[in-house]
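Me: I am new to this structure and would like to go through its empty spaces and one pair of helices. Please set each value against the rule that gives it its name.

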Amino acid sequence: MNIKEVKSKKLYKEYSLEIPFDEIDQKINEKIIELIPGVTIPGFRKGKAPITIVRKKYEDNVLNDVLQNIVNLKTNDLIKEKKFNLFRQPKIDLKNFEKNKPVKIDLKIDLQPEIKLKNFKDINLNKYEIDLNKKTLDEHFDKFISSQKDYKKITENREIKKSDKVLINFDTDEVNIPEYLKTQKNIPIDTESEQEILPGLNKELISSKAKVGEIKNLSFDMKAVLQDNKIDKVDYKIEIISIEEKIKFELTKEFLEKNGFKNEIELKDFLKNNLSQQYNQGLKQIEKKQLMDYLDKDYKFDLPEGVLEDDFNEIWNRLEHAKKDGTLDADDKSLNDDELRKRYKKISERRVKLGALMQFIAREEKISISED
């Protein structure tokens, strides 16, 4: 086997390996010989067919396994010979495979950085606690009550107005519409909601002055929903089944029991705990950011170039997609590509550095985190 070092940096190596075809050919024959006892070929007793005939039939089936095993073996031999301490599994690129020609393989290897852990007791972080006073809790409770909606059926035969809850059936004959948007029955519509099953449905229901029992023929622009510029206006039949008007919400015993609370005090305790959890999650993020900033500043070590390159490319691909979709962050829109690269290379270096440090700490401290 020929081995050529293509690139060599402190924590990153590239090699080109060339494996003679004779070696691969021999391994294929060995694999075929293992298969022969269980193979039945027409004209031969089971397990008695010549190797040449069995190979002709099964060579393609065993080729991938043979190549994979040889590549893994040669890669492991190289790693042992060079005494490499790997940061991650090597990237293996099989360049080509042709009969009677050597197989060429490119290897990209990232090595572990040298890290010396400092005393964790030297890390001083600010700890935060939330003090929820009575005014904050009362405001949170009032906000919860005002967010609840209650309705009753209208007693007069009036038109739909904003704030009503409406029950409808809808139907269209348009063949290019998916089934869930073609026909639906007994669909509740909150006319105050910004989420609509058909774009502009709330406005159309109100402006059409629809009443219970009526069927309205309405058109909707479905291009954005279906992401298809060929589909423009789609005609629907909308049947109004019922209208309920919004009424002031009252905290009743029935509401409390339905939601699993014995009384108002239990509900208030639940809302308090929920609010505390929200704040505490935010505080944990602040404390985590504080810890990461400390570690980033306090530790200096070389980073594996291959990992850095992969991480930056992943970030850059997301940025390219964001540019096309028009979802680029506001503070990124003012930067040109060179400035963006500079910004996100710095971010990538921090991500890789902290990731490598966390991995090293977990290994040194024998921390094992299960999926649970």
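Me: What makes the lining of the largest cavity 5 nonpolar, 1 polar and 2 charged residues?

Reply: In this predicted model, the largest cavity is lined by Lys 118, Asn 119, Phe 120, Ile 123, Tyr 294, Leu 295, Asp 298 and Tyr 299. Phe, Ile, Tyr and Leu count as nonpolar, while Lys and Asp count as charged and Asn falls among the others, the polar ones, so the lining divides into 5 nonpolar, 1 polar and 2 charged residues.

Me: Why is this space called a cavity, and how many cavities of 30 Å³ or more does the structure hold?

Reply: The name cavity is used because a 1.4 Å probe fits there but cannot get out. The structure holds 1 cavity of 30 Å³ or more, and about 40 Å³ of space lies in the largest cavity.

Me: Which residues line the largest pocket, and what is the volume of that pocket?

Reply: The volume is about 290 Å³, and the lining consists of Gln 148, Lys 149, Asp 150, Ile 247, Lys 248, Phe 249, Glu 250, Thr 252, Glu 254, Phe 255 and Lys 258. Helix α7, residues 253–258, gives the largest share of this lining, with 3 residues. Since Asp, Glu and Lys count as charged, the lining of the largest pocket has 6 charged residues, beside 3 nonpolar and 2 polar ones.

Me: What is the make-up by class of the lining of the second largest pocket?

Reply: The second largest pocket, with a volume of about 160 Å³, has a lining of 4 nonpolar, 2 polar and 4 charged residues. Among the residues that line this pocket are Leu 11, Pro 113, Phe 301 and Phe 360, as well as Lys 10, Glu 114, Asp 302 and Arg 363.

Me: Why are helices α1 and α2 called oblique to each other?

Reply: Helix α1 (residues 21–35) and helix α2 (residues 51–82) pack at an angle of about 120 degrees, with their axes 7 Å apart. Angles of 65 to 115 degrees count as roughly perpendicular and those over 145 as roughly antiparallel, and α1 and α2 are therefore oblique to each other. The crossing in which α1 passes α2 is right-handed.

Me: Which residues meet where α1 and α2 are in contact?

Reply: Residues of α1 including Ile 24, Ile 28, Ile 32 and Leu 35 meet residues of α2 including Val 54, Tyr 58, Val 62 and Leu 63. By class, this contact of α1 with α2 has 13 nonpolar, 1 polar and 7 charged residues.

Conventions: Residues numbered from 1 in each chain as written. Predicted model: local features only at pLDDT ≥ 70, side-chain atom pairs only at ≥ 80, totals over all residues. Heavy atoms only, no water. 1 Å grid on protein atoms, 1.4 Å probe; cavity = no way out; pocket = protein on both sides within 12 Å on 5 of 7 lines; lining within 4 Å. Points joined across faces, edges and corners; volume = space filled by probe spheres on them. Axes fitted to C-alpha atoms, helices over the stretch in contact; angles between N-to-C directions. Helix = DSSP H or I, 4+ residues; strand = E, 2+ residues; numbered from the N terminus. Parallel < 35°, antiparallel > 145°, perpendicular 65-115°, else oblique. Left-handed = near helix turned anticlockwise from the far one by under 90°. Contact = heavy atoms within 4.5 Å.
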